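Please open the structure in your viewer and set the chain to a cartoon representation. The tour begins with a pocket and then moves out to the whole chain.

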Amino acid sequence: PHEGIRQGCLALFAWRDAAGAARLLGALQHAVRRHGAPSAAAGGHTPNANVYVTLNGLYRAGVPAGQLDTLPAEFREGMAARASVLGDWQDNHPTRWKLPVRNWPPPAGRRAEAVPLADVDLVLHLTHPDPVRADQPFARDNPAHPLVAALQRLLDACADGAGDGGVEILAVQPLQRIARDTDQGPQAIGHFAALEHVGREA
């Protein structure tokens with residue numbers, strides 16, 4: 001599913017209640033690519049989507065506590081609580097994590113505030129094969145960008161007659177794939193400057 005992907009974004013969503021969760025998850029049913037379905041095509045309007053729901057998001061969506069208790073302990077505890085087990089000490093301690101800032105929309109006339117991770121209900125990872133273009137910036141006020149347009153379609157689908165339908169985007173981080181020339185041709189570089197699609201998943 002990552003073949004040919006050139007850019008993407010991570011969007012952090014929050015819902016006010018179970019009704020907001022139902023609206024967003026219902027809208028995402030049409031956005032998430034099912035296993036085996038074709039990937040998004042260059043020049044198209046529908047990006048690939050991966051969805052991750054947090055424990056707090058499940059709680060605020062109305063999932064019964066008894067069902068939440070059946071989830072793996074690692075998921076229920078979270079990375080911050082398991083920092084000592086994971087080796088996140090000193091500079092990597094959760095108290096030193098750089099939090100995302102509210103930027104969708106950015107606050108008018110004041111400094112952007114950090115988004116507490118406990119406020120995030122859903123993380124949406126969108127990817128698209130179109131290359132990054134200088135004349136097509138990733139910006140909230142540029143609806144012609146395929147990823148920005150996809151985010152706006154989700155918000156529009158969640159809206160009700162009274163307003164936002166209990167769904168908001170807290171923060172968005174644009175992503176870009178960088179390629180390095182190798183003997184086998186251009187290879188995409190992931191985090192830590194590692195070439196992607198070289199090894200096998202364990």
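**The lining of the largest pocket**

In this predicted model, the residues that line the largest pocket comprise 15 nonpolar, three polar and four charged ones. Colour the lining by these classes to view the division. The space in this pocket amounts to about 660 Å³. Next, select Gly78, Met79, Ala80, Trp97 and Leu117; of the 22 lining residues, these are the closest to the centre of the pocket.

Which elements supply at least two residues each to this lining? Select strand E2 (48-53), helix H2 (55-60) and helix H4 (73-81), since each of them does. Keep H4 highlighted: with eight residues, H4 gives the most to the lining of the largest pocket.

**The whole chain**

Now clear the selection and colour the protein chain by secondary structure: six helices and six strands appear. Tracing the chain along its sequence gives the order β-α-β-α-α-α-α-β-α-β-β-β.

Switch next to a display of contacts. Among the contacts in the protein chain with a separation of 6 or more, 65% join residues 24 or more positions apart.

Then colour by relative accessible area. How much of the protein chain counts as buried? The share is 30% of its 202 residues. Finally, show the accessible surface, which totals about 13000 Å² for the protein chain. Carbon and sulfur atoms account for 54% of that surface.

Conventions
Residues are numbered from 1 along each chain as its sequence is written. This is a predicted model: local features need pLDDT of at least 70, side-chain atom pairs count only at pLDDT 80 or more; totals for chains, interfaces and linings use all residues. Side-chain values use heavy atoms; hydrogens and water are left out. On a 1 Å grid over the protein atoms alone, a cavity is a set of points where a 1.4 Å probe fits but cannot get out, and a pocket is an open set with protein on both sides within 12 Å along at least five of seven lines; lining residues have an atom within 4 Å of a point. Grid points are joined across faces, edges and corners, and a volume is the space filled by probe spheres set on the points. Helices (H or I, at least four residues) and strands (E, at least two) are DSSP runs, numbered from the N terminus. Ala, Val, Leu, Ile, Met, Phe, Trp, Tyr, Cys and Pro count as nonpolar, Asp, Glu, Lys and Arg as charged, and the others, Gly among them, as polar. Buried means under 20% relative accessible area, exposed over 50%, partly exposed in between (1.4 Å probe, protein chains only). Contact means heavy atoms within 4.5 Å. Accessible areas come from the Shrake-Rupley method with a 1.4 Å probe; for residues, only the protein chains shown count as cover.
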